[in-house]
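Grab a pencil and have a go at these exercises on helix packing and buried residues. Try each task yourself before you read its solution.

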Amino acid sequence: MAMDALRLVVSIAVCQIASLIGAKYTIQSIIWYAGLAKPAFNPANDAFYPVWTLLYTLMGISLFLIWRQPDQKDKRFALGFFFAQLVLNIMWSWVFFELQAPFVAFIEIILLEAAVLATAFYFYRLSKWAGILMIPYFFRVGYEAVLNYFIWIMNP
């Protein structure tokens, strides 16, 4: 029981740390981002923090549910996808905000979306709830991809 509690805390912390790394790039380029033309469906700046905090927490719980599964080849494969998508998530923030490259970020976020889908699929095979908990993140990344696309098009 104590080991599960520790695994849960570590799993959520890993995801929240990834969030903080990505936020570092966002904060450094907030003036650049504020000056971009954005579509009408761009969310209010206040919405980003609570939404992403919740999504990273759900990802952490999902990671925990897989971590506690017995060791097997499928588990290592699923965890590989999870950590790949986490790295791609951080990279998107770096490419979009730090490099200020919406086109490259759009290509990168498509790869991220594919990695999130693969993660959800393989997680679901090991733990139904682990896969289900990745679905809101999948849809949010899809929304961000559409937003990224429009920002790229609107800011030649």
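**Exercise 1: α5 and α7**

Helices α5 and α7 are roughly antiparallel to each other, because their angle falls in the range over 145 degrees that earns that label. Keep in mind that this is a predicted model.

Task: Find the angle and the axis distance for α5 and α7, and work out which residues meet.

Solution, step by step:

1. Start with the stretches: α5 covers residues 102-126 and α7 covers residues 135-154.
2. Now the geometry: the two helices pack at an angle of about 165°, and their axes are 9 Å apart.
3. Next, the handedness: α5 passes α7 in a left-handed crossing.
4. Then look at who meets whom. On the α5 side you'll find, among others, Phe103, Phe106, Ile109, Ile110 and Leu117, and the α7 side includes Tyr137, Phe138, Val141, Ala145 and Trp152.
5. Sort the contact by class: it has 15 nonpolar, two polar and two charged residues.

**Exercise 2: α3 and α4**

Task: How do the axes of helix α3 and helix α4 cross, and which residues of the two helices meet?

Solution, step by step:

1. Helix α3 spans residues 45-67, and helix α4 spans residues 73-98.
2. Their axes come within 10 Å and cross at roughly 160°.
3. That angle is over 145 degrees, so α3 is roughly antiparallel to α4.
4. The crossing of α3 past α4 is left-handed.
5. From α3, the residues Trp52, Tyr56, Met59, Leu63, Ile66 and Trp67 take part; they meet Lys75, Leu79, Phe82, Phe83, Gln85, Leu86 and Asn89 of α4.
6. By class, this contact of α3 with α4 has 10 nonpolar, two polar and one charged residues.

**Exercise 3: Lysine 75**

Task: Is lysine 75 buried or exposed?

Solution, step by step:

1. Place the residue: lysine 75 sits in helix α4.
2. Check its relative accessibility, which is 5%.
3. The cut-off for buried is under 20%, so lysine 75 counts as buried.
4. Setting aside residues up to four places away in sequence, lysine 75 touches Ile66, Trp67, Gln69, Pro70 and Leu126.

**Exercise 4: Alanine 120**

Task: Is alanine 120 buried or exposed, and which residues is alanine 120 in contact with?

Solution, step by step:

1. Alanine 120 belongs to helix α5.
2. With a relative accessible area of 12%, alanine 120 is buried.
3. Leaving out neighbours within four places in sequence, alanine 120 is in contact with Gly131 and Met134.
4. Finally, try a distance: alanine 120 and tyrosine 137 are 17 residues apart along the chain, and their C-alpha atoms are separated by 9.5 Å.

Technical notes: Residues are numbered from 1 along each chain as its sequence is written. This is a predicted model: local features need pLDDT of at least 70, side-chain atom pairs count only at pLDDT 80 or more; totals for chains, interfaces and linings use all residues. Side-chain values use heavy atoms; hydrogens and water are left out. Axes are lines fitted to C-alpha atoms, for helices over the stretch in contact, and angles run from 0 to 180 degrees between N-to-C directions. Helices (H or I, at least four residues) and strands (E, at least two) are DSSP runs, numbered from the N terminus. Angles under 35 degrees count as roughly parallel, over 145 as roughly antiparallel, 65 to 115 as roughly perpendicular and the rest as oblique. A crossing is left-handed if the near helix is turned anticlockwise from the far one by less than a right angle, and right-handed if clockwise. Contact means heavy atoms within 4.5 Å. Ala, Val, Leu, Ile, Met, Phe, Trp, Tyr, Cys and Pro count as nonpolar, Asp, Glu, Lys and Arg as charged, and the others, Gly among them, as polar. Buried means under 20% relative accessible area, exposed over 50%, partly exposed in between (1.4 Å probe, protein chains only).
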